[in-house]
Amino acid sequence: MRRLLAKLSMPLLAVMLGGCVSTRPGATGGNAAPPASELPVSGAAASAKVHVDLGMAYFQIARYAVALDEARTALVMDPNYSPTYHLMALVYMYIDDMPSARENFQRALSMAPNDPEYNNSYGWFQCVNGNFSDGLERLAIAARNPYYRTPTRPYTNAGLCYLAKGDEAAAETELRRAVQLDPSNRSAIYQLAGIAYRRGAYEVANTYLVQLHQEGEPTAASAWLGLRTARRLGNRDAEASYAAQLRGRFADSPEFQAMTQGKYE
């Protein structure tokens, strides 16, 4: 399950932590709360925040050991600053220590149960571990929160979760919402192209791929999907272009190997 979701996402960190700020009309929050990481703090919490922010920066460049060190320092400063536990949970998740990740996610959520960042991250964690119902519920909580400035993330994660669950129709709905909120969301656009391709809507897949590659450089996966889509459409020039990209930039990739072996499906 973890391998499947890792394969689906491109890349995971962008889905969980990155993306452009976006808002959406008509959101209702109920017991919604702003992200704890955005709240003003003072005293011990302010000292802890400095280390958590630094740790998150290290986490985003895959310096996991340093990120954990910063989190541990933050705990000494203030053991009640919930973003510290969220950071630790993310690090443990990415180093595949799932019990420690779960423990820290739950600690963060016990302190701030309506935090949209915590619900988004824990929702994704639950999906990665096959707990789809709880994961999707957590992601919905995050997406509905009117204080959350990047609802494109939980919608994208929900789309990936539904794909892993085998429900492409629901996945497409969530991914469309993600792209509506952030037209530069490459992960969601790529997945929509894949869904369209699998159902034989090759023109639609091609439209998504054009949009995707306008937003940034192709990856091996998107070039390979582009090549197969071009083959289906009989567009030999586009097929040759994608093949050249795979050969010139991604010669070590499984996608290039599949192309050279003629394994197009």
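In this predicted model, the buried residues of helix H8 pack against helix H7 (116-128) and helix H9 (152-165). The residues concerned are Phe132, Gly135, Leu136, Leu139, Ala142 and Ala143. Seen down the axis of H8, these buried residues fall within an arc of 120 degrees, so they line one face of the helix. On the other side of H8, the exposed residues are Ser133 and Glu137. The length of the helix also agrees with expectation: at 1.5 Å a residue, the 13 residues of H8 (residues 132-144) should span 18 Å, and the end C-alpha atoms of H8 are indeed 18 Å apart.

The two helices that H8 packs against, H7 and H9, are also joined covalently, since a disulfide connects Cys127 to Cys161 with an S to S distance of 2.0 Å. This pair links distant parts of the chain, with Cys127 in helix H7 and Cys161 in helix H9, 34 residues apart. The link is left-handed, with -90 degrees about the S-S bond, and both Cys127 and Cys161 are buried. The structure holds 1 disulfide.

Thr84 offers another view of the interior: this residue belongs to helix H5 (residues 82-94), and Thr84 counts as buried because its relative accessible area is 0%. Leaving aside residues up to four places away in sequence, Thr84 touches Val52, Ala71, Ala74 and Leu75.

Two loop residues have backbone angles that deserve a careful look. Ala62, in the loop between helix H3 (44-60) and helix H4 (64-77), has a positive phi of about 65 degrees although it is not a glycine. Asp96, in the loop between H5 and helix H6 (98-111), likewise has a positive phi, near 70 degrees, in a residue other than glycine. Ala62 is partly exposed, at 43% relative accessibility, and Asp96 is partly exposed as well, with a relative accessible area of 49%.

Side chains of opposite charge can pair when their charged atoms come close. The structure holds 13 salt bridges, and the table gives several of them with the distance from N to O.

| Salt bridge | N to O distance |
|---|---|
| Arg249 and Glu217 | 3.1 Å |
| Arg231 and Glu239 | 3.1 Å |
| Glu265 and Arg232 | 3.4 Å |

Arg249 forms its salt bridge with Glu217, and the pair links distant parts of the chain, with Arg249 in helix H14 (residues 236-249) and Glu217 in the loop between helix H12 (202-215) and helix H13 (220-233), 32 residues apart. Arg249 is partly exposed, with a relative accessible area of 44%, whereas Glu217 counts as exposed at 53%.

In the salt bridge of Glu265 and Arg232, the partners again come from distant parts of the chain: Glu265 lies in the segment after helix H15 (254-260) and Arg232 in helix H13, 33 residues apart. Glu265 is exposed, with a relative accessible area of 64%, while Arg232 is partly exposed at 46%.

The side chains of Arg231 and Glu239 also meet in a salt bridge; here Arg231 is partly exposed, with a relative accessible area of 32%, but Glu239 counts as buried because its relative accessibility is 13%, and buried means under 20%. Finally, Glu172, Arg176 and Arg199 are linked in a network of salt bridges.

Methods. Residues are numbered from 1 along each chain as its sequence is written. This is a predicted model: local features need pLDDT of at least 70, side-chain atom pairs count only at pLDDT 80 or more; totals for chains, interfaces and linings use all residues. Side-chain values use heavy atoms; hydrogens and water are left out. Helices (H or I, at least four residues) and strands (E, at least two) are DSSP runs, numbered from the N terminus. Buried means under 20% relative accessible area, exposed over 50%, partly exposed in between (1.4 Å probe, protein chains only). Contact means heavy atoms within 4.5 Å. The expected span of a helix is 1.5 Å times one less than its number of residues. The arc is that of the directions from the helix axis to the C-beta atoms. A disulfide is a pair of cysteine sulfur atoms within 2.5 Å. A salt bridge is a side-chain nitrogen of Lys or Arg within 4 Å of a carboxyl oxygen of Asp or Glu.
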